[in-house]
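Please open the model in your viewer and keep the sequence panel beside it. The stops below say what to select next and what is to be found there.

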Amino acid sequence: MPVMTADATTTMTNLLKAYEGEVNAHTRYVAFAIGAGGDGFHGVASLFRAAARAEQIHATNHARVIKELGGQIKCEIQGVEVKTTLENLRTALAGETYEVETMYPAFLKEAKTHRITAAIRTFNGALEAEKTHARLFGEAIALVEAGKSDTWIAAARTFYVCPVCGYTSDSPVEHDSCPVCKCAWKRFEAIQ
Ligand code: FE2
Ligand code: FE2
Ligand code: FE2
């Protein structure tokens, strides 16, 4: 069993916070997907399902590192308030933006200070994947706001999720391999 040094305690706290955030994001997006389907935004429902899968991958990755560093998994599940699809998309974008601009950069900085490689890797994978979510949620918001129901937001569609880091794409082949973790693109999961 690895011994946690004093240097790793803040990173452990951060890993647990990130884990809880990812588990709750997963739960939230599953509920938002059902809401989007009910509102007739089946493409947005697909996007929420793909993002939910990515958050599940992040939670699993963080959990593995928590265990490797000798920590114990714990997590409080928050209730989910499902509003209109537009409001849910804005909630989702706000969450992703917080993770991209504030939370993961701070957690990465701390892990880098103490050279905790496994934590650096899992935080970085999540950070880069959240950028793809922020972009796709932003695109969906613009289309819903403009009332563009003849675009991808309306009909169920496929998104592609890296099984290793959760990088999410709307394209069946964007690169040969994941730009974040180098996982072969053909291993990406197709989520509808
Ligand atoms: Fe995530
Ligand atoms: Fe995300
Ligand atoms: Fe990846």
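Begin by selecting H3, where a kink of about 45 degrees is centred on Glu99; the bend at a residue is the angle between axes fitted to the seven residues ending there and the seven starting there. Helices here are DSSP runs of H or I with at least four residues, strands are runs of E with at least two, and both are numbered from the N terminus. This is a predicted model, in which local features need pLDDT of at least 70 and side-chain atom pairs count only at pLDDT 80 or more, while totals for chains, interfaces and linings use all residues. Residues are numbered from 1 along each chain as its sequence is written, chains are lettered from A and ligands numbered from 1 in the order in which they are written, and side-chain values use heavy atoms, with hydrogens and water left out.

Staying with H3, compare its ends: the C-alpha atoms there are 40 Å apart, which agrees with the 42 Å that its 29 residues should span at 1.5 Å a residue, the expected span being 1.5 Å times one less than the number of residues. Next colour the buried residues of H3, among them Asn88, Glu96, Glu99, Met103, Tyr104 and Phe107; buried means under 20% relative accessible area, exposed over 50%, and partly exposed in between, with a 1.4 Å probe and protein chains only. Which helices do these buried residues pack against? They pack against helix H1 (9–38), H2 and H4, where contact means heavy atoms within 4.5 Å.

From the buried residue Tyr104 of H3, move to His62, which is found in helix H2. The side chains of His62 and Tyr104 make a polar contact at 2.8 Å; such a contact is a pair of N or O atoms within 3.5 Å, and within protein one must be able to donate a hydrogen and the other to accept it, while residues adjacent in sequence count only if both atoms are side-chain atoms. His62 counts as buried because its relative accessible area is 0%. Leaving aside neighbours within four places in sequence, the residues in contact with His62 include Leu15, Tyr19, Glu22, Thr122 and Phe123.

Glu22 leads to the metal site, so select the iron ion (ligand 1), which is coordinated by Glu22 through two OE entries, by Glu55 (OE), by His58 (ND1) and by Glu130 (OE), at 1.9 to 2.5 Å. Donors are N, O and S atoms within 2.8 Å of the metal (3.2 Å for Na, K and Ca), and water is not among the atoms, so sites may look incomplete. In sequence, these donor residues are spaced E-x32-E-x2-H-x71-E. The pair Glu55 and Glu130 links distant parts of the chain, with Glu55 in helix H2 (residues 42–68) and Glu130 in helix H4 (residues 117–145), 75 residues apart. Both Glu55 and Glu130 are buried.

Now add the iron ion (ligand 2), whose protein donors are Glu55 (OE), Glu96 (OE), listed twice, Glu130 (OE) and His133 (ND1), lying 2.0 to 2.4 Å from the ion. Along the chain, the donors of this iron ion (ligand 2) follow the spacing E-x40-E-x33-E-x2-H. The two iron ions, ligand 2 and ligand 1, are 3.8 Å apart, and Glu55 coordinates both.

Turn next to the aromatic rings, where Tyr29, Phe32, Phe48 and Phe137 form one cluster. The structure holds eleven aromatic pairs; rings of Phe, Tyr and Trp (its six-membered ring) pair if their centres lie within 6.5 Å, and planes under 30 degrees apart count as stacked, over 60 as edge-to-face and the rest as tilted. Tyr29 and Phe48 form a tilted pair, 5.8 Å centre to centre with 40 degrees between the planes. Because Tyr29 lies in helix H1 and Phe48 in helix H2, this pair ties together parts that are 19 residues apart in sequence. Phe48 is buried at 0% relative accessibility. The rings of Phe32 and Phe48 have centres 5.4 Å apart and planes at 65 degrees, so this pair is edge-to-face.

Finish in the loops, by selecting Arg115 between helix H3 (85–113) and H4. Arg115 has a positive phi, near 50 degrees, in a residue other than glycine, and it is exposed, with a relative accessible area of 70%. Lys182, in the loop between strand S2 (168–169) and strand S3 (189–191), also has a positive phi, of about 70 degrees, although it is not a glycine.
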